[in-house]
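Here is a walk through one protein model, taken a step at a time. Keep the structure open and follow along.

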Amino acid sequence: MLIPNHDRVPERPPSDLVWDFAGETMGTTWAVTLVPPPGETRETFQFAIEEELARIIALFSHWDPSSELARFNAAPEGFWAVSQPFWDLLNRAMDIADDTDGAVDPTLGALVDLWGFGPPGPRPLDSFGTAPSLPLDDEVTEARARSGWQSLRLNRQQRAVQQPGGMRLDLSGIAKGHAVDVVSDRLHALGAISHLVEIGGELRGRGVKPDGRPWWTELQQVPGSPAPRTLVALFDLAVATSGDWVRGFETYGQRYSHTINGRTGRPIDNGVASVTVLADTAMYADAMATALTVMGPTEGPGFATAMKIAAAFVVRGDTAPIEVVTPAFQAMLDEGA
């Protein structure tokens, strides 16, 4: 059981009602539970949630050819002016890339596509027609040459981003978390100060339920995890989990994760099965879960500990998975014990 240490007393919810909403977005599902303020209708919140999600897709979807991100990816060489929301999130992604030495990199779209996880679709079958083929070394080298956050140039005066030619942005490492935060902020602005937002497993809770209890959620667990069933109280807190079992493909007995290590140009293969991160925002939790997964079983916990990030790692050992938690994560466990 995880309980964050908050000094302040939770604000009382605006009513005793609890409304649930659900739908699909960004290739996954979303769910919202909220306490509405007096006088509002369900339609108000349904519209607000769907409007914010539609805006995220129009900005950052690499699957929608009409999105701002897809248009940049298809643009010829040159500097291209972008919208303020696009600029803001890209800058945040670049800051995180710098902080993590590229463990989270918004420029890996060419590699994501090459490995079969982008809009072009999955890897073609091999010559025997029995299993997905693997990219050639030359193909990986070429895609890496069109990637790398250090190669992306920003013109801050013109709010413009340079397309060096063939670079493909991919913000999927933080987009879901960002979407959770955007929806949460919109609900809060509408007076629903107590709510829980979930998109594809990334969650953020604000306030408490009408009975004063927090929004409890069970942490995702990798199959075979040694960690006990864990509940977390999402009182003004977000959680994200990155796992190698969530999405990938297998060929000739080897599984390839959808998480790409920009340092190698290949899917991660470092033994990290999953990383769960708790943070103030879902975007940061989402980004750090990915970054720590890429960093691996030694660098990841060391970085998270130094940065005081509440993170739990599950690492595949020789005989069984091993759980490693940071001091900040352990402190929450101790608090809830």
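Which residues of α6 are buried? In this predicted model, the buried set in α6 is I174, A175, G177, H178, A179, V180, D181, V183, S184 and L187. Look at how those numbers are spaced. An α-helix has 3.6 residues a turn, so residues three or four places apart point the same way. Now look at what lies over them. The cover on the buried residues of α6 includes two strands early in the list, β2 (28-35) and β6 (194-199), along with β7 (202-206). Helices also take part, among them α1 (42-60), α3 (84-99) and α7.

Next, check the length of α6. The helix runs over residues 172-189, which makes 18 residues. At 1.5 Å a residue these should span 26 Å, and the end C-alpha atoms are 26 Å apart, so expectation and model agree. Just past the helix comes G191, with a positive phi of about 100 degrees.

Helix α7 gives another result. It covers residues 282-306 and has 25 residues. A straight helix of that length would reach 36 Å at 1.5 Å a residue, yet the end C-alpha atoms of α7 are only 20 Å apart. Where does the kink in α7 lie? Go to G296, shortly before the proline P297. The kink there is about 135 degrees. α7 is also mostly covered, with 18 of its 25 residues buried.

Follow the chain just beyond α7 and you meet K308. This residue sits in the loop between α7 and β16 (310-316). Its phi is near 60 degrees, a positive value in a residue other than glycine. Is K308 buried or exposed? Exposed means over 50% relative accessible area. K308 has 72% relative accessibility, so it counts as exposed.

R159 offers a second case of positive phi. Its phi is near 50 degrees, and R159 is not a glycine either. The residue lies in the loop between β4 (154-155) and β5 (160-163). Partly exposed covers the range between the buried limit of 20% and the exposed limit of 50%. R159 has a relative accessible area of 31%, so it is partly exposed.

Now turn to the nonpolar interior. In soluble globular proteins, nonpolar side chains tend to be buried together. The largest nonpolar core here has 61 residues. Which members touch the most other members? They are V32, L187, V277 and L292. α7 gives the most to this core, with 12 residues. Take V32 as a close-up. Leaving aside residues up to four places away in sequence, V32 touches W19, D20, F21, I49, V183, L187, L196 and V197. Two of the names there, V183 and L187, also appear among the buried residues of α6. A second, separate core has 14 residues, including L203, L219, A310 and F329.

From packed side chains, move to empty space. Rolling a probe the size of a water molecule over the atoms shows where empty space is left. The largest pocket holds about 1,100 Å³ of space. Its lining has 38 residues, and S172, G173, K176, R247 and H258 are the closest to its centre. Elements that give two or more residues to this lining are α1, α6, β10 (237-243) and α7. α6 gives the most, with 5 residues.

Closed spaces are a separate matter. The whole structure has 2 cavities of 30 Å³ or more. The second largest has about 40 Å³ of space. H62, N73, G109, V112, D113, P119, R168, L169 and D170 line it. Helix α4 (residues 109-114) gives the most to that lining, with 3 residues.

Finish with two loop residues. D101 lies in the loop between α3 and α4. Not counting residues up to four places away in sequence, D101 touches W149 and R263. Its C-alpha atom is separated by 20 Å from that of G177, 76 residues apart along the chain. Q221 lies in the loop between β8 (216-218) and β9 (231-233). The C-alpha atoms of Q221 and V314 are separated by 8.8 Å, and these residues are 93 apart along the chain. Q221 has a relative accessible area of 28%, so it is partly exposed.

How values were computed: Residues numbered from 1 in each chain as written. Predicted model: local features only at pLDDT ≥ 70, side-chain atom pairs only at ≥ 80, totals over all residues. Heavy atoms only, no water. Helix = DSSP H or I, 4+ residues; strand = E, 2+ residues; numbered from the N terminus. Expected span 1.5 Å × (residues − 1). Bend = angle between axes of the 7 residues up to and from the residue. Buried < 20%, exposed > 50% of the residue type's maximum accessible area, 1.4 Å probe, protein only. Core = buried A, V, L, I, M, F, W, Y, C linked by side-chain atoms within 4.5 Å. Contact = heavy atoms within 4.5 Å. 1 Å grid on protein atoms, 1.4 Å probe; cavity = no way out; pocket = protein on both sides within 12 Å on 5 of 7 lines; lining within 4 Å. Points joined across faces, edges and corners; volume = space filled by probe spheres on them.
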